[in-house]
Amino acid sequence: MSVSLVTGAMLLAVLTPTTTPVTTTTTTATATTTAAATELTSTTAVPSARVVQEAAPGCDLTSANARKGDLVWGFKKSFRQYVGVGLPGATGNSITATNGATITALDEVLRDGVPNPAGIPTGAYRFTFDSADYTSPTQFTARYRGTVAFSYPTHFFTLLLSDPWVTTANGTATLHADIELKATPGAPTQPSNQPDVALARLTPPAAAPTNGLLTWPDIPATLTTAEAFGGFYQAGATLDPLTLTLAADCATVPTAPPTANPVVAPVAATTENLIPIARFRPAPDLASTGVDAEHSLWAGVVLLLAGLALVLAAYRPHRT
Ligand code: HEM
């Protein structure tokens, strides 16, 4: 008797539908692709030179009209590779440019002919013009604007390179910039902040302005401070050559180099459960137990009632 009741209740319980979703495992990208996967590289061919538009005749560069130009500099390609590609086990690395700086497609780190497969843009940087104090092609100061942030969380640092400026006089030239090394606990060096530090010695060319445009192409640069990079580079280390332009407001300046185009970074293959997490899954495809919910409920009710009927029938007094 009571067996019937219990059986009905059990059947109801068993057949009551469950919509609990199947537990899913989210697959995460590894190596250096994780945080910076949205900020990616170009797969297009890298142009080797910038396009110089038609010159503006009759335009002279003077102290009063030096108001245009830019600085294209990759800082140090091996560092772009160290952060952008990362050593094995690196996660969350990024290189970003803001406040007037852009990451170009020039001189990117290539792997098998393809820009950095880790997905982080590794091209040289373009800093936009800020201001200039121009006396002559051999005596001037040109300031540029922008910040590039190199972040390597598993090596406990973020390095900020900001607002570079070049000054030349008496046959020498120096590149200055703000360098800030942010170091988190575990870093092998202390954090440091060096605004306007003399960063590199440059070899000034014998260049004269043409139609209001002064160009210093591919100028060799060597590091003059070891402190700026936590001692990881020694003074005298070779940095990337830089190209600067300084121009009168009436001059025609070269077009900006192309910026690195985003591409989707490859995600590591995995043998884990690849079912996407529930919020990305189309609603009708919610993991199913294979049982129709509404019909199962009614079937359970009917069985329960049947069980009750059997119980009542069993207890009905018999007429003698
Ligand atoms: C404040 C923290 C750190 C800073 C500023 C820093 C900076 C640097 C720099 C500037 C380089 C030279 C990159 C190049 O041009 O080739 C370098 C290389 C290297 N760093 Fe760090 N690093 C830091 C922390 C670490 C930590 C914690 C590790 C180890 C867990 C590490 C391991 C290495 C290795 C192995 C290289 C050589 C890479 C190569 O030659 O390919 N670094 N680091």
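**Exercise 1.** In this predicted model, determine which element gives the most to the shell around the ligand.

*Solution.* Helix α2 gives the most, with 3 residues. Next, identify the elements that each supply at least two residues of this shell: they are α2 (77-84) and β10 (172-183). Then consider the shell as a whole. Of its 17 residues, Ser78, His155, Phe157, Ala187 and Phe232 come nearest to the ligand. Finally, sort the shell by class, which yields 12 nonpolar, 4 polar and 1 charged residues.

**Exercise 2.** Establish which residues of α2 are buried and why they lie on the same side of the helix.

*Solution.* Begin with the list: Phe79, Arg80, Val83 and Gly84 are the buried residues of α2. Because these residues cover an arc of only 120° around the axis, they are placed on the same side of α2. An α-helix has 3.6 residues a turn, so residues three or four places apart point the same way. The next step is to find the packing partners: the buried residues of α2 pack against β2 (94-98) and β8 (147-152). Lastly, inspect the backbone just after α2, where Gly86 adopts a positive phi of about 80°.

**Exercise 3.** Describe the largest nonpolar core and the surroundings of Leu246.

*Solution.* The largest nonpolar core contains 57 residues, and Tyr125, Ala142, Leu175, Leu246 and Ala247 have the most contacts inside it. Strand β13 (residues 238-248) provides the largest share of this core, 6 residues. Now take Leu246 and set aside its neighbours within four places in sequence: the contacts that remain are Ala66, Gly69, Ala132, Tyr134, Phe140, Ala142 and Leu214.

Notes: Residues are numbered from 1 along each chain as its sequence is written. This is a predicted model: local features need pLDDT of at least 70, side-chain atom pairs count only at pLDDT 80 or more; totals for chains, interfaces and linings use all residues. A nonpolar core is a set of buried Ala, Val, Leu, Ile, Met, Phe, Trp, Tyr and Cys residues joined through C-beta atoms within 7 Å. A residue is buried if 20 or more other C-beta atoms lie within 10 Å of its own, exposed if 12 or fewer, and partly exposed in between; C-beta atoms are placed from the backbone. Helices (H or I, at least four residues) and strands (E, at least two) are DSSP runs, numbered from the N terminus. Two residues are in contact if their C-beta atoms, placed from the backbone, lie within 7 Å. A residue is near a molecule or strand if its C-beta atom, placed from the backbone, lies within 6 Å of it. Ala, Val, Leu, Ile, Met, Phe, Trp, Tyr, Cys and Pro count as nonpolar, Asp, Glu, Lys and Arg as charged, and the others, Gly among them, as polar. The arc is that of the directions from the helix axis to the C-beta atoms.
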